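Trainee: I would like to go through the reasoning behind the labels used for this model. Can we start with the structure itself?

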Amino acid sequence: MKIGMLTSGGDCQGLNSALRGVAKSLYFRFGKDVEIYGIRDGYRGLIEGDLKKMSPSDFSGILTLGGTILGTSRQSFKTMCTPMEEYNGKTKLDKMLETYKKYKLDALVILGGNGTHKTANLLAQNGVNVVSLPKTIDNDLWGTDMTFGFQSAVDIATNVIDCIHSTASSHGRVFIVEVMGHKVGWLTLYAGISGGADVILIPEIPYDVDKVCDVLKARKKNGKPFSILAVAEGALSKEEAKLSKKEFKAARASMKEPSISYRLANEIAERTGQEIRVTLPGHFQRGGSPCAYDRMLTTRFGTAAADLIANKQFGYMVALRDNKVVPVPLSEVAGKLKTVSPDCEEVLSAKAMGISMGI
Ligand code: F6P
């Protein structure tokens with residue numbers, strides 16, 4: 001049996017641990033009857049036929065290693081079916097199917113997030129035996145309660161907020177910590193609550209800057225001159241939420257500040273006169289070792305993916321639902337985002353603690 005494996009999209013903690021989980025389980029079960037091919041840089045390697053035969057030792061000692069031993073890249077789903085001059089009129093999909101056939105692969109194991117799953121589904125619809133694993137620090141993949149990478153990123157972002165707390169309180173300043181997440185706010189919500197932020201702003205709940213300022217002023221009046229705001233990089237104001245997609249893009253393109261946090265900082269400084277600083281942990285949130293939770297989750301996902309392969313059950317993503325690992329059809333996952341509902345338990349819990357969601 002020949003299995004191809006690839007990691008695609010933005011990296012996150014736990015990718016190597018997940019590859020290890022799948023590979024060790026397959027080698028343990030099938031011994032010499034299984035060959036694993038590592039596909040370099042995600043779909044790029046599948047398109048260009050850039051594969052490497054792996055050996056069991058490649059998957060040893062990587063449990064705690066950040067990043068991905070296979071490399072990754074972002075390949076837009078929109079371009080997958082477009083004929084390309086550089087491929088003599090063939091599409092990227094054609095090229096991927098060619099590689100799959102050329103190497104006589106029996107299945108592909110695909111580790112990725114939202115964009116990756118659209119292409120994984122496309123491959124499955126075109127006869128490829130696909131099993132996938134859900135990764136992303138955003139935890140925004142539909143069909144699973146949890147993606148791997150998320151908890152590790154929450155730990156890092158929370159630690160940043162913890163560190164900011166001491167300097168913010170010493171100086172009596174307002175701090176904005178900008179957390180990753182362009183479209184969804186799970187990471188900001190979890191890190192904000194875990195770090196004890198006073199205000200949490202996420203894309204799903206457009207904020208009112210005056211309401212945010214009211215919170216900061218009230219805190220100062222009550223003897224708390226410092227405040228911490230956890231702001232998702234995709235947070236938007238209630239005025240912006242009314243714009244069309246095109247108008248919103250244009251408005252953001254003409255914004256003079258480098259990100260939403262800096263604009264908000266200027267608006268707050270103008271309105272309250274308070275001293276304010278911005279901190280951006282950025283890609284730090286995706287780096288380093290997976291936390292113990294993610295090591296456990298990726299091992300469970302990895303062995304479940306190996307089970308699906310052994311049972312020839314293809315076209316599924318392994319998912320966590322009610323703390324059980326279950327297969328979910330790729331067709332159900334592809335193209336859907338798991339966003340934060342404004343009345344989900346976590347948001348209600350934040351509100352019940354007096355945390356402002358900016359409204
Ligand atoms: O999807 C994961 C993620 O880290 C998002 O939270 C973030 O908005 C984006 O990737 C950053 O992308 P890039 O690595 O391409 O800068």
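**Ligand and domains**

Mentor: This is a predicted model. The shell around the ligand takes at least three residues from each of domain 1 (2–149 + 290–333) and domain 2 (152–286).

Trainee: Which residues make up that shell?

Mentor: R74, I137, D138, M180, G181, H182, E233, H283 and R286 surround the ligand. They divide into two nonpolar, three polar and four charged.

Trainee: Why does G181 count as polar?

Mentor: Because the scheme places Gly among the polar residues.

Trainee: What makes the pair between D138 and the ligand a polar contact?

Mentor: The cut-off is 3.5 Å between N or O atoms. A side-chain N or O atom of D138 is 2.7 Å from a ligand oxygen atom. Therefore the pair qualifies.

Trainee: Why is the pair between G181 and the ligand called a polar contact?

Mentor: Here a backbone N or O atom of G181 lies 3.4 Å from an oxygen atom of the ligand. That is within 3.5 Å, so the pair counts.

Trainee: How far is R286 from the ligand?

Mentor: A polar side-chain atom of R286 lies 2.8 Å from a ligand oxygen atom. As for area, the ligand alone exposes 400 Å², and the protein buries 72% of that.

Trainee: Where does the ligand sit?

Mentor: In the largest pocket.

Trainee: What makes domain 1 and domain 2 contacting parts?

Mentor: Contact means heavy atoms within 4.5 Å. By that rule, 13 residues of domain 1 touch eleven residues of domain 2. The domain centres, over C-alpha atoms, are 34 Å apart.

Note on methods
Residues numbered from 1 in each chain as written. Predicted model: local features only at pLDDT ≥ 70, side-chain atom pairs only at ≥ 80, totals over all residues. Heavy atoms only, no water. Near = heavy atom within 4 Å. Polar contact = N/O pair within 3.5 Å; in protein donor to acceptor, adjacent residues only side chain to side chain. Areas by Shrake-Rupley, 256 points an atom, 1.4 Å probe, with all protein chains shown as cover. 1 Å grid on protein atoms, 1.4 Å probe; cavity = no way out; pocket = protein on both sides within 12 Å on 5 of 7 lines; lining within 4 Å. Sits in = over half its atoms within 2 Å of the grid points. Domains from an automatic or database assignment.
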